[in-house]
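Please open the model in your viewer and keep the selection tool at hand, since each stop below begins with something to pick. The tour covers helix packing, the contact between chains and strand pairing.

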Amino acid sequence: MTATLRYELRMQLRRPAMWAVTAVTLVLLWLLIGPELPMLLREPARIAMIRTIIFCDVPLPIGFAFLIADRLVRDGRTGVAAILDATPTAGWRRLIGKYLGCVTATGLPIVAVYFGIAVAYAARNSAPQALLWTLAMFGAITLPALLFVGALALSVPLAAPPAVFRVLFVGYWIWTSYLVPPRLVPTLSQTVVDPVGGYPIQVFFGYHGGHAGSGGPSDWAGPVPGAVFNVVRPTPNQATAWLSIGILLGLSVLCLSFAQLARERRAQ
Amino acid sequence: MRIDIQHLVKSFRRDVRALDDLTLTVPTGMFGLLGANGAGKTTLIRVLAGLLRPTSGRVLIGGHDVATKAGRRDVHRALGYLPQDLAVYPELTAREFLDYLGLLKGIDDPVLRRRRVGELLEVVSLSGDADRKLKTYSGGMRRRIGIAQALLADPRLLIVDEPTVGLDPQERIRFRTLLAQLAGQRTVLLSTHIVDDIAQTCRHVAVLSRGRLAFNGTVEALTTHANGRVWTVVTTGPQPTGILVSALPESDGVRYRVVSQTPPPDGQPTNPTLEDGYLSLPDLGVSDRRERRAPRSARDR
């Protein structure tokens, strides 16, 4: 498993596409966050860091999913899988190694963006606590989302071509994000299966700031009067916040199990 | 490491039988597997390598049943496998690729692994290019890396599928000589449609045709199968009847070599070669092959 992790990480970091997609994503992020940055740096550390994470959580995971989408299918398409499958290392060990290697490598630019902004904030405001907030927020909000997106991007292309997956993923990601108001459109936003992490944002970090473009305070989790899917919008509390994280991790395991089953079926 | 195949059937969708009630024993040593494209060689190899599950029948390798997970794991510990279309990771160097596969093959000691990778790069004459990325390698160089990876864990069973495709004549001779040298205490299963590779390296050969065993015996027995059926004819007229082996233009016409039960007009009997013996097998008649397509193997899909 560690061998696959190490080499998948190395291969992903050496891919020119990895840095091209990262560059494009950063440009998009700059367009989104750039005008807000001076104001963001004047906010208290907790608010500044949570808003950074919220801004980043729309474009960065899309680039992340794009880059992971072909990692597993290429082994079968190119034929490398035949050599790997003829080794004594179990297929599921290689799958986990590949998953962790891809997620780590592709997640590195995201970590660099978060902590880059946090370091800039900490230096400008003499507020080292920004780094701790970022660490906690990354662990509770972004990491579960990346683990889920990584598993989804690795496994779905076994059933649909990577290009189709990428198009569908953009739609899915925007549809489930805070950009789509639940009152107007049936969406998974603000539910416990919301991959952007509305429950941890609200419960663990007490953030009730306005959604992008909404201009006013609002909730990030919980029931929305008149919205569809309120059955998966329980009252936000510690238990439901942890449940939200647990669901994302559970879905990740489910995706990887599907990938393993699909690979085993290929041998039948 | 002996391979016992009993009544092996491998079917794909729409009941296409790529392997049809195949029974074969492969002893220790060098063993050739011949057959036309689509005869089922690659499907058989993929079953033996544990990459495809048999539909029915039994395959035991060194006593391990490849239909079971535990059996496959035991076989994989002893296996070196070179697939027909070798693929590599283009982002890795040759040394890294071999190191990675060494780890997957259970060579955990880094010093031992480094030494083994170095030795094999030497064997396949790629030491000077070991730190170049594989995307810069030619087809022949990649093939040599494939050979090196198959030998990494000093396998007791070596299965090579069309290993000399893409190699230049010198490399081809060097590689098949290497295989023959390795065969001492190992089982080396060489699958190919290049008859000359078998003629130069194997004592035993099996021939597959449409997923069935068309021949199993020594190379000499297959050669003598064509005794009294090989003819040369020099003519300016039409091609003589029979299975055409070769046609060589000469000053007084074309010299044809044919395999035929009955002598063609002006035909001179000639000593058979392994290729003649292969072509003379009843299940492999050229007209037969032209008229009926063999079932496609999984590899061809």
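For the helix crossings that follow, an axis is a line fitted to C-alpha atoms over the stretch in contact, and angles run from 0 to 180 degrees between N-to-C directions. The model on display is a predicted one.

**First stop: two helices of chain B**

Select residues 94–104 of chain B, which are helix H3, together with residues 139–151 of chain B, which are helix H5; their axes come within 10 Å and cross at roughly 30 degrees. Because angles under 35 degrees count as roughly parallel, H3(B) is described as roughly parallel to H5(B). The crossing of H3(B) past H5(B) is right-handed. To see what makes the contact, show the side chains of Ala94(B), Phe97(B), Leu98(B) and Leu101(B) on H3(B), and those of Ile145(B), Ala148(B) and Gln149(B) on H5(B). Coloured by class, the residues of this contact of H3(B) with H5(B) come out as 6 nonpolar and 1 polar, with no charged residue.

**Second stop: two helices of chain A**

Move to chain A and select helix H5 (residues 59–68) with helix H9 (residues 129–155), whose axes come within 8 Å and cross at roughly 35 degrees. Here too the crossing, of H5(A) past H9(A), is right-handed. On H5(A), pick Pro61(A), Phe64(A), Ala65(A) and Ile68(A); they meet residues of H9(A), including Ala145(A), Val149(A), Gly150(A) and Leu154(A). The contact of H5(A) with H9(A) consists of 9 nonpolar residues and 1 polar residue, and no charged residue takes part.

**Third stop: where the chains touch**

Display both chains and look at the contact between them, to which chain A gives 18 residues and chain B gives 24 residues. On the side of chain A that touches chain B, helix H1 (2–14) and helix H7 (80–85) each supply at least two residues. Which helix of chain A gives the largest share of that side? The helix to select is H7(A), with 5 residues. By class, the side of chain A that touches chain B holds 10 nonpolar, 5 polar and 3 charged residues.

**Fourth stop: an open sheet in chain B**

Return to chain B, where 4 strands form an open sheet in the order S12-S13-S11-S14, with antiparallel pairing. Strand S12 (243–250) and strand S14 (268–269) of chain B each have a single partner strand and stand at the edges, so one side of each is left without a neighbour in the sheet. Within this sheet, S12(B) and S13(B) are joined by 7 bridges, and a hairpin connects S12(B) to S13(B) through 2 residues. For a pair to centre on, choose Ser246(B), which stands opposite Arg257(B) in S13(B). Then add strand S11 (residues 230–235) of chain B, which runs antiparallel to strand S13 (residues 253–259) of chain B and is joined to that strand by 6 bridges. Along this pairing, Thr235(B) stands opposite Val254(B), while Val234(B) has Arg255(B) as its bridge partner.

**Last stop: strand S1 of chain B**

Finally, select strand S1 (residues 3–12) of chain B, which pairs in the antiparallel sense with strand S4 (residues 56–61) of chain B over 5 bridges. S1(B) also pairs, again in the antiparallel sense, with strand S2 (residues 16–26) of chain B over 7 bridges. Asp4(B) is a convenient residue to end on, as its bridge partner in S4(B) is Leu60(B), and in S2(B) Asp4(B) stands opposite Thr25(B).

Methods: Residues are numbered from 1 along each chain as its sequence is written. Chains are lettered from A and ligands numbered from 1 in the order in which they are written. This is a predicted model: local features need pLDDT of at least 70, side-chain atom pairs count only at pLDDT 80 or more; totals for chains, interfaces and linings use all residues. Two strands pair if DSSP finds at least two bridges between them. Angles under 35 degrees count as roughly parallel, over 145 as roughly antiparallel, 65 to 115 as roughly perpendicular and the rest as oblique. A crossing is left-handed if the near helix is turned anticlockwise from the far one by less than a right angle, and right-handed if clockwise. Two residues are in contact if their C-beta atoms, placed from the backbone, lie within 7 Å. Ala, Val, Leu, Ile, Met, Phe, Trp, Tyr, Cys and Pro count as nonpolar, Asp, Glu, Lys and Arg as charged, and the others, Gly among them, as polar.
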